[in-house]
Amino acid sequence: MKLVVALTGASGQIYGVKALEILKDKDVETHLVISNSAKITMEVEGYDFERIKSLATHFYEENDLTAPISSGSFKHDGMLIAPCSIKTASSIAYGITDNLISRAADVCLKEGRKLILLIRETPLHYGHLKTLTRLAKIGATIMPPIPTFYTKPKSIDEIVSHTILRALEIFGVDVDYPRWRGARF
């Protein structure tokens, strides 16, 4: 299995990092793009850029439009953008492919591949909602990282892991996580 993973400048770099850690353990080939804004956010949130790069099989710079993932002829199983900023979501929704992240996402949509966006913005105004609706209409999966509490999480890692495992399952990665089993009173 091959997945494209992108981290954009929104807060919540932990989601992309967790995805890369899990995928590395699952021996999934990963193609990573980190936006320039994400590099700044990583520093603020306490992440080591070089360590995050080392979690991926392949790494590309945001402005490398010659990378394999910029073409529909490069076969892969989909793309996860975690976290996904509203700026990136807007670029994808309106076909502005001026960097590798928006271009690779556009390729996913035109080729009918899975594209999951972990949108990190709140509250959402009408313009945001229109953008997200447009994305859903053209084939993207919008998955805000909203925690589940029926699992009774005891740590931030459990909350983040649950969201990422659910996203990776959509791509077909074999994962296990606490699932809803019905209410028991």
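Let's start with a charged pair: Glu 21 forms a salt bridge with Lys 18, and their closest N and O atoms are 3.6 Å apart. Keep in mind that this is a predicted model.

Where do these two sit relative to each other along the chain? Both belong to helix 1 (residues 13-25), and because they are three residues apart there, about one helical turn separates them. Their surroundings are not alike on paper. Glu 21 is partly exposed, with a relative accessible area of 23%, while Lys 18 comes in at 13% and counts as buried. The cut-off behind that call is 20%: buried means under 20% relative accessible area, so Lys 18 at 13% falls in the buried class.

The pair also has company. Salt bridges that share partners tie Lys 18, Glu 21, Arg 51 and Asp 157 together into one network.

**Other salt bridges**

How many salt bridges does the structure hold? There are eight. Here are three of them, with the N to O distance for each.

| Salt bridge | Closest N to O distance |
|---|---|
| Glu 21 and Lys 18 | 3.6 Å |
| Glu 50 and Lys 53 | 3.8 Å |
| Lys 110 and Glu 111 | 2.7 Å |

Take the Glu 50 and Lys 53 pair. Both residues lie in helix 3 (residues 49-54), three residues apart, which is about one turn of that helix. Glu 50 has a relative accessibility of 47% and counts as partly exposed. Lys 53 is partly exposed too, with a relative accessible area of 24%.

As for the Lys 110 and Glu 111 bridge, Glu 111 is partly exposed, at 37% relative accessibility.

**The largest pocket**

Now for the pocket. The largest one has a volume of about 220 Å³. Its lining is made up of 15 residues, and those nearest the centre are Ser 35, Glu 62, Lys 87, Thr 88 and Asn 99. Three elements give two or more residues each to this lining: helix 2 (36-45), helix 4 (86-93) and helix 5 (100-111). Which of the elements gives the largest share? That would be helix 4, with three residues.

What kinds of residues line the largest pocket, by class? The lining has ten polar residues, three charged ones and two nonpolar ones.

Methods:
Residues are numbered from 1 along each chain as its sequence is written. This is a predicted model: local features need pLDDT of at least 70, side-chain atom pairs count only at pLDDT 80 or more; totals for chains, interfaces and linings use all residues. Side-chain values use heavy atoms; hydrogens and water are left out. On a 1 Å grid over the protein atoms alone, a cavity is a set of points where a 1.4 Å probe fits but cannot get out, and a pocket is an open set with protein on both sides within 12 Å along at least five of seven lines; lining residues have an atom within 4 Å of a point. Grid points are joined across faces, edges and corners, and a volume is the space filled by probe spheres set on the points. Helices (H or I, at least four residues) and strands (E, at least two) are DSSP runs, numbered from the N terminus. Ala, Val, Leu, Ile, Met, Phe, Trp, Tyr, Cys and Pro count as nonpolar, Asp, Glu, Lys and Arg as charged, and the others, Gly among them, as polar. A salt bridge is a side-chain nitrogen of Lys or Arg within 4 Å of a carboxyl oxygen of Asp or Glu. Buried means under 20% relative accessible area, exposed over 50%, partly exposed in between (1.4 Å probe, protein chains only).
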